[in-house]
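Describe the internal cavities, the salt bridges and one of the helices in this structure. A short report with a table is enough.

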Amino acid sequence: MNWTFFHKLGSPKWFYDISGKWLPWLQVSSLVLISVALVWGLAFTPPDYLQGNSYRIIFIHVPASFLAQSVYMMMATAAAVTLIWKIKLADMALKVMAPIGASFCILSLATGAIWGQPTWGTWWVWDARLTSMLILLFLYIGIIALRGAIHTIEAAAKACAILSLVGVVNIPIIKFSVDWWNTLHQGATLTLTEKPSMAPEMLWPLLLAILGFYLFFTMVMVLRLRIEIISRERKTRWVKELVS
Amino acid sequence: MYFDSWSGFLAMAGHGIYVWSAYAVASVVIAYNLAVPLMARRRIFAQIAAQVRREERLVKRGVDVNQVTAGSGDDTGRHSANSGSTQQKHCAERQAEQQAEQQKENLESVKGSAQ
Amino acid sequence: MAGEGEMSNVDQQSMRGFSACLALIRRDLILTFRSPGQAINPMAFFLMVATLFPLGIAPDREVLSELAAGVIWIGALLAVLLSLDSLFKSDQDDGALDQLLMSPHPLPLLVLAKVFSHWLTSGFCLTLMAPLLAIMLHLPSDAFSALMITLLLGTPVLSLAGAIGSALTVRVQRGGLLLTLLSLPLYIPVLIFATGAVNAAMQNMPYTGHILWLSVFLVLGVCLAPLAIAGALRVINE
């Protein structure tokens, strides 16, 4: 197997150069997809027979929830790469993904709470999904706080990598116990997003919105990653030449 | 178009406040995610540009930049992350440079007075 | 013949590792006896937290007995967290941690011994104290045994999971709050199943399932947490 590709991936300069080419495509496609999906979802889909127009929150709530969960999985992958192959770029990715994932976690919680008001008549319900999402936010906060507390880059990188891996082992356990706890306490009967089948005219804009949010996340991650590269490589000739 | 009027679109049959506030929160989160990297980018570029200018000034005065900025990296992107940038380290370096500059000036003035 | 020789060699090595663990546990226990504050303070904290709830909510028998399981468990959880702050930090200060890292014995094993001695001086003592709090909070007597079993199974998990956070923050100045942020999410499953078991026992329902799940967590913790703790200690002290 040819490993040069792998080693190239580890080179920040190579990534900086190649990601510069991706960036315009990511920007245009995420902008177009998100605006098309949201306008479609807001104005051109019929209202839900049960929830009326309030279900239109789904077009941001579901993509944000998906992102919040999968970003943590991506962070755990980056953590494993950091620990096993000691690739600097993986640690940079781990660092920049945490605040983005946390922001989408907050978005998911906020839209869930707003949706809860017309659906359940209350802002917050100790529903299994909302509770798990809240705990996921705690996990994000822990990683961000740990990164801020350790001042040497190397030690912070590995400590955060270990913490992300510990978190990812715990996520299924937490999810299982929260689900179990919720069934015990007989919480809300009407879950927000679980529907037997979604009408296709609602499903299409939702899929577009999910894709758009993922592209947006990739774009923001690349933007932040490029800044992190510049910041860490500020002593190198290529960065100095780039700036001046 | 599902709604028959603009006001109907805004009202969403009574659910407008919820739908629109959710979308407002979403736009805040999206704006945050865009604003942070753009601002950080400007700050980092200004910092590095200032650093480069300082080094050029030092070169003009004949100070060996490599001595002042210890461990200037290679551009293969494979050096250890230690030579990266904690803020404190950056500050310490800046101080070292300023001291070197000061010493140089002092030396010159001493020479001048001796003559 | 050669095979036998190797076997005995391996046996000897594992014996030495085992005696190193015993020595470590003995040392930690002696240190705790010399400055008993380390063990007594969490217990005092536990008692005080339990006192705050009747004062803050209501001294009614019905209300308290409903809350008792949760209050005792949250109190124990916070008390363990408080005591975890010094688990590796005092060793870091007197250089014992460096010795531990350089020791020829497997680090996860030694770490497990340290966590065990920590549990003896925190979680185990809290478990012994729990009946007193249960009486103060009017926990129905049917639920006493459930409370004790869950504490015996659950507090070691708290020590194990919290030790990961303690190892990660060993170099951080005033890392106590950070340790709390890192550890509390990991404590949630234990809290859910332990209080679930006590509440089930209060309603005269079977709680074997909860106990089995807590045991699963304990086995998982004993197997996985020492690896994470050892990794964290190595990484932070590189």
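The largest cavity in this predicted model has a volume of about 70 Å³. Its lining draws on chains A and C: from chain A come Tyr72(A), Phe138(A), Leu139(A), Gly142(A), Ile143(A), Leu163(A), Val166(A) and Gly167(A), and from chain C come Leu181(C), Leu182(C), Pro185(C) and Leu186(C). Three helices, α5 (128–149) and α6 (153–185) of chain A and α9 (176–202) of chain C, each supply at least two of these lining residues. By class, 10 residues of the lining are nonpolar and two are polar, with no charged residue.

The structure holds two cavities of 30 Å³ or more. The second largest has a volume of about 30 Å³. Its lining consists of Leu84(C), Asp85(C), Lys89(C), Ser166(C), Thr169(C), Val170(C) and Leu179(C). Here the classes divide into three nonpolar, two polar and two charged residues.

**Helix α8 of chain C**

Helix α8 of chain C covers residues 144–168, 25 residues in total. From its first C-alpha to its last it reaches 36 Å, close to the 36 Å expected at 1.5 Å a residue. The helix nevertheless bends by about 25 degrees at Leu152(C). A proline, Pro156(C), follows within four residues of that point. α8(C) is mostly covered, as 20 of its 25 residues are buried.

**Salt bridges**

Over all chains the count comes to 12 salt bridges. Three of them are listed here with the distance between the closest N and O atoms.

| Basic residue | Acidic residue | N to O distance |
|---|---|---|
| Lys13(A) | Asp17(A) | 3.0 Å |
| Lys240(A) | Glu55(B) | 3.1 Å |
| Lys114(C) | Asp28(C) | 2.9 Å |

Lys13(A) and Asp17(A) both belong to helix α2 (residues 12–44) of chain A. Because they are four residues apart in that helix, about one helical turn separates them. Lys13(A) has a relative accessible area of 28% and is partly exposed. Asp17(A), at 37% relative accessibility, also counts as partly exposed.

Which helices hold the two partners of the salt bridge between Lys240(A) and Glu55(B)? Lys240(A) forms this salt bridge with Glu55(B) at 3.1 Å. Lys240(A) lies in helix α8 (residues 237–243) of chain A and Glu55(B) in helix α2 (residues 16–60) of chain B, so the pair joins two chains. Both Lys240(A) and Glu55(B) are buried.

The side chains of Lys114(C) and Asp28(C) meet in a salt bridge at 2.9 Å, N to O. This pair links distant parts of the chain, with the two residues 86 residues apart. Lys114(C) sits in helix α6 (residues 107–121) of chain C, while Asp28(C) sits in helix α1 (residues 2–34) of chain C. Are these two residues buried or exposed? Lys114(C) has a relative accessible area of 3% and is therefore buried, the cut-off being under 20%. Asp28(C), at 11% relative accessibility, counts as buried too.

Chain A also contains a network of salt bridges, which links Asp91(A), Lys95(A), Arg147(A), Glu228(A) and Arg232(A).

Key
Residues are numbered from 1 along each chain as its sequence is written. Chains are lettered from A and ligands numbered from 1 in the order in which they are written. This is a predicted model: local features need pLDDT of at least 70, side-chain atom pairs count only at pLDDT 80 or more; totals for chains, interfaces and linings use all residues. Side-chain values use heavy atoms; hydrogens and water are left out. The expected span of a helix is 1.5 Å times one less than its number of residues. The bend at a residue is the angle between axes fitted to the seven residues ending there and the seven starting there. Buried means under 20% relative accessible area, exposed over 50%, partly exposed in between (1.4 Å probe, protein chains only). On a 1 Å grid over the protein atoms alone, a cavity is a set of points where a 1.4 Å probe fits but cannot get out, and a pocket is an open set with protein on both sides within 12 Å along at least five of seven lines; lining residues have an atom within 4 Å of a point. Grid points are joined across faces, edges and corners, and a volume is the space filled by probe spheres set on the points. Ala, Val, Leu, Ile, Met, Phe, Trp, Tyr, Cys and Pro count as nonpolar, Asp, Glu, Lys and Arg as charged, and the others, Gly among them, as polar. A salt bridge is a side-chain nitrogen of Lys or Arg within 4 Å of a carboxyl oxygen of Asp or Glu.
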